[in-house]
Amino acid sequence: MSATTMESRAAKRANSLARQRVWALWGSYIALGVFVIIFLVPPFYTIITSLKTSAEISAQSGSPWMVKDPTLENFWYLITYPNFQIYYLNSVMITVLTVVISMVISILAAFSLSRMGFWGSQALSTGVFLTYLVPPSLLFIPLFQIVGMLGLINSVWCLALLYPTLAVPFCTWIMIGYFSSIPKELDEAALIDGAGYLQMLFKIFIPVAMPGIIAATIFAFTVAWGAFLYPLAYLYTSNQMVLTVGIISDLIRGDVFQWGKIMAACLLASLPPIVIYAFLMDYYVAGLTAGATKG
Amino acid sequence: MAEVRVRKVVKEYEGGVQAVKGIDLDIKDHEFVVLVGPSGCGKSTTLRMIAGLEEISSGEIEIDGEVVNDVPPRDRDIAMVFQNYALYPHMSVFDNMAFGLKLRKFSKEEIKKRVDEAARILDIAPLLDRKPRALSGGQRQRVAMGRAIVRNPKVFLFDEPLSNLDAKLRVQMRTEIKKVHQTVKTTTVYVTHDQIEAMTLADRVVVMNAGIIEQVGSPQELYHHPKTRFVAGFIGSPAMNFMPCTVVEVGAGLHIKINDKIVLPVPPDRVERYRPFKNKKMIFGLRPEHLFEYTEQGKPGWTRVDMLTDVVEPMGMETMVHFFVEGTAICARVDPATHAAPNEWLALTADMNQMHLMEVDSGKVV
Amino acid sequence: MAVGASVSTNTTGRRDGGSQPKSSLKKFSQRRSTIAFALCLPLILLVSAFVIYPAFYALYLSMLNKKMTAFVGLNNFTFLLKRNTFQLVIYQSCLFAISAVLIKALLGFIIAHLMHNIPGKNQRIWRGLLLVPWVIPLALSTLTWWWMFDSSYSAFNWILNQFGFEGVPWLGVGWIARLCTIAVNVWYGTPFFMIMYLAALKSVPEQLYEAASIDGANSVQKLLFVTLPMMRNIISITVLFSLIVTFADFDIVRILTAGGPQDNTHVFATYAFQIGIQSGDIPLGAADSLFMFPMLAFAAFFVLRGVTKRTKEIAA
């Protein structure tokens, strides 16, 4: 066999390998594109509907997937609608409270569990993880009674008490993971440098584990912002409601669906998580995966 | 600056495992003492007990005349350099060095003065604004030392500070540490598993093994007069050759008999020392550097042995020759000019003036 | 893990310093445990007050009569089990959770693989787009789905009509409504699986694939013998999390169908809400939610046992 045919064969093989790879790549892109389109249909439809007038929605002429006369009147209505403002304010208040309470509790506990230890701390760490596995819908009925005993039925403040139970176990869990990954020598160095435990926590651990704290904060935020069952079960007057239930109870009256406004409200209510996600995607993803990879 | 006294110190972990089995050690003011030994020998535990990071099970540790058993680390006035440097990743080099001073409420000017001084000694002044992650391994090491220096403590503690550096940098930093000690003269306790580091740095070396101190002495002492087989084997590189032997009397003098063919005369000045062990099974020890190529013009005590080489490793300035004696691997260090080749007979000289003789059971050098 | 280093028993006692009343280092370590416990106290209080106490309280509640005046033992449970609707709830909850989790796991796996195929620098944008369903609060996105399934204005039916098909009564017929709830759950949960798998895929060392190639493995064999075994722990944890969340789902079913038509789509949570909160039979509602507990505990036990075992194997 002459050298040239060998070479050309080798070239051909390399060529077909390269071609295969290109095909695989394009196939992946196309398949991913299909998935993205399917996944983004609902948000897209939300936007389309939110730009329509009630007249256009009920006219049912032409494609519902298009908007003929885009208008911002739904958004304007909501922004100037006092109830919607209350829902938004309540949501923001409760979420901020939840995040602060949850982070304080879980950072303190995680520091103690990962570094200091006391009798039974091991069992407590396991307990924290198991608590994380308890879904909100398991305990909402006894909690209804407890909230009632505390006199907080139909008070938005009961959420600031209950939401941390949903956020704290997971936040503690991932903070334990982040704190444990800080080398032990760092606290020993701080100890020799003369730091007490609280100084160690505030001057060393919190700054070093900042990415973890951001991830946990985002988690607490999403939990508090999106929760639906507790407010639906414990709140019933408009002035106490948060966004998730307010939109449904206020804009759906009997059989009259103001879909344009509902969709606009959904968009406005989804805005904070989307914005946070857009800017802090890496932390968001880190928090999401931390539970499994660190557990 | 201060003396450190360790008296009958025991470290026992839960479950009765003793990591340190009652050691005594006096470290003088300004002294540079290196604890050396294989991993698990208790050297790090000893250091951490001096630092106050481990509780002392029994015994006493004294720093500057004060028993510190119950003193927490921050009040012991010590500074420690860790193996992985333990620099605070979120603080600049300056803040890393200043942290201990800030916690002790030093004035801003004093802090700045001390940090600048330390940075000057360590040649890291241009790095003060950087974060640790922007530093090379050697630079981090310097910062870690700087953090110790600024505190001007009674004692410096080093826990394997060079293990994470590559070979070249390690040699360089070794010199650096020595230089710093000569400048600041702070009493220093330094832990390493690397005997070369120990030999080059120490005023006195403490060889530890299995929770006890095998021997304390100057590097020269340990090299020439090891007290136990462990020390003899641990100090020196490549390690000393050990061969089972019998001490026999042939004619006028004593001889070391390894097998029927290899019988080596004991130098006359040692005959009396070794006579009590006549006809006993002993261990004969000879360093590779005292087993070298045969030359015509020998010296008193040089004895010729012929060996069948197994593996030959040219190292440039010398050549290591490996062979077997009675199933034991033996190493000799010969001049590259001898052109030793594998599986050939090679004439060697054993410098019997440098021999060691040990008891089989106790491992004691006699 | 935290206790190890500096807390140790002082068994041998001290020989010379025995006259000192109490060693300050010991006090120091005692103080340390006190501080440690104090730092955990908020967590302990929160969990005891709003998780552990309610759990036992639920047990107590579930054994009362409707007016909560008399103790009725296990009557609520037996009553529920005999009811047709509740049998349907059990059936639907299991069907909903198992099929949704399986589909999510499969789709998530496929998408993660597709993502892994494309160059790293392009992954961010795709990942960003694919995660959107997970980011929107579920209660709000379900509203959009409801609107798309709407009986008279359904946007899906419009598409079907364009192609000459009849419109489908999405939420009006039992089994179609069930499929719809599952579809929404899959839409919402697949990104979570995808992101977990992607993280797992990235953690498999490239050398293992190279070694497998040299050993003659084709891509299917690589998947079976390298990828899957390496990902088993993450897969099981992800499935467990998802199984719990899906099984205990409330938002989707409540908003989309509120349990209808004819209670065909009720799951434990929505049924408990209906009888406990809406109809005011707190004990019966509590009994209903308590049925979830053994099923979740069972799943958690087996998955976590497997994970701990494998973690130990890898560590050893």
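Where in chain B is the place of B:P238? B:P238 lies in the loop that runs between helix 8 (229-234) and strand 11 (241-250) of chain B, and a cis peptide bond with an omega of about -5 degrees joins B:S237 to B:P238. The model described here is a predicted one, and the points below take up backbone geometry and a sheet in chain B, the domains of chain A, and two helix contacts, of which one links chain A with chain C and the other lies within chain C.

**Backbone features of chain B**

- Most residues other than glycine have a negative phi, and most peptide bonds are trans.
- Against that background, the bond between B:S237 and B:P238 is cis, while B:A210, a residue other than glycine, has a positive phi near 50 degrees.
- B:A210 is placed in the loop between strand 9 (204-209) and strand 10 (212-217) of chain B.

**A three-stranded sheet in chain B**

- In chain B, three strands make up an open sheet in the order 17-18-19, and their pairing is antiparallel.
- Strand 17 (311-314) and strand 19 (328-334) of chain B are the edge strands, each having a single partner strand, so one side of each is left without a neighbour in the sheet.
- On average, and with direction ignored, neighbouring strands of this sheet are turned by 25 degrees against each other.
- Strand 17 of chain B is joined by four bridges to strand 18 (residues 319-325) of chain B, the two running antiparallel, and B:P314 stands opposite B:T319 in strand 18 of chain B.
- The hairpin formed by strand 17 and strand 18 of chain B has four residues between the strands, and within this hairpin B:G316 takes a positive phi near 105 degrees.

**Domains of chain A**

- The domain assignment divides chain A into domain 1 (3-50) and domain 2 (75-293), whose centres, taken over C-alpha atoms, are separated by 40 Å.
- To the contact, domain 1 of chain A gives four residues and domain 2 of chain A gives seven residues.

**Helix contact between chains A and C**

- Helix 6 (residues 136-149) of chain A and helix 13 (residues 282-290) of chain C have axes that come within 8 Å and cross at roughly 155 degrees.
- Because of that angle, helix 6 of chain A is roughly antiparallel to helix 13 of chain C, and the crossing of these two helices is left-handed.
- From helix 6 of chain A, the residues A:S137, A:L138, A:I141, A:F144 and A:Q145 meet C:I282, C:G285, C:A286 and C:S289 in helix 13 of chain C.
- Sorted by class, this contact has five nonpolar, four polar and no charged residues.

**Helix contact within chain C**

- The axes of helix 9 (residues 206-214) and helix 10 (residues 219-247) of chain C come within 10 Å and cross at roughly 155 degrees.
- Helix 9 of chain C and helix 10 of chain C are therefore roughly antiparallel to each other, and their crossing is right-handed.
- Helix 9 of chain C makes this contact through C:L208, C:Y209, C:A212 and C:S213, and helix 10 of chain C through C:K222, C:V226, C:T227 and C:M230.
- By class, the contact of helix 9 with helix 10 of chain C has five nonpolar, two polar and one charged residues.

Conventions:
Residues are numbered from 1 along each chain as its sequence is written. Chains are lettered from A and ligands numbered from 1 in the order in which they are written. This is a predicted model: local features need pLDDT of at least 70, side-chain atom pairs count only at pLDDT 80 or more; totals for chains, interfaces and linings use all residues. Side-chain values use heavy atoms; hydrogens and water are left out. Two strands pair if DSSP finds at least two bridges between them. Axes are lines fitted to C-alpha atoms, for helices over the stretch in contact, and angles run from 0 to 180 degrees between N-to-C directions. Angles under 35 degrees count as roughly parallel, over 145 as roughly antiparallel, 65 to 115 as roughly perpendicular and the rest as oblique. A crossing is left-handed if the near helix is turned anticlockwise from the far one by less than a right angle, and right-handed if clockwise. Contact means heavy atoms within 4.5 Å. Ala, Val, Leu, Ile, Met, Phe, Trp, Tyr, Cys and Pro count as nonpolar, Asp, Glu, Lys and Arg as charged, and the others, Gly among them, as polar. Domain bounds come from an automatic or database domain assignment.
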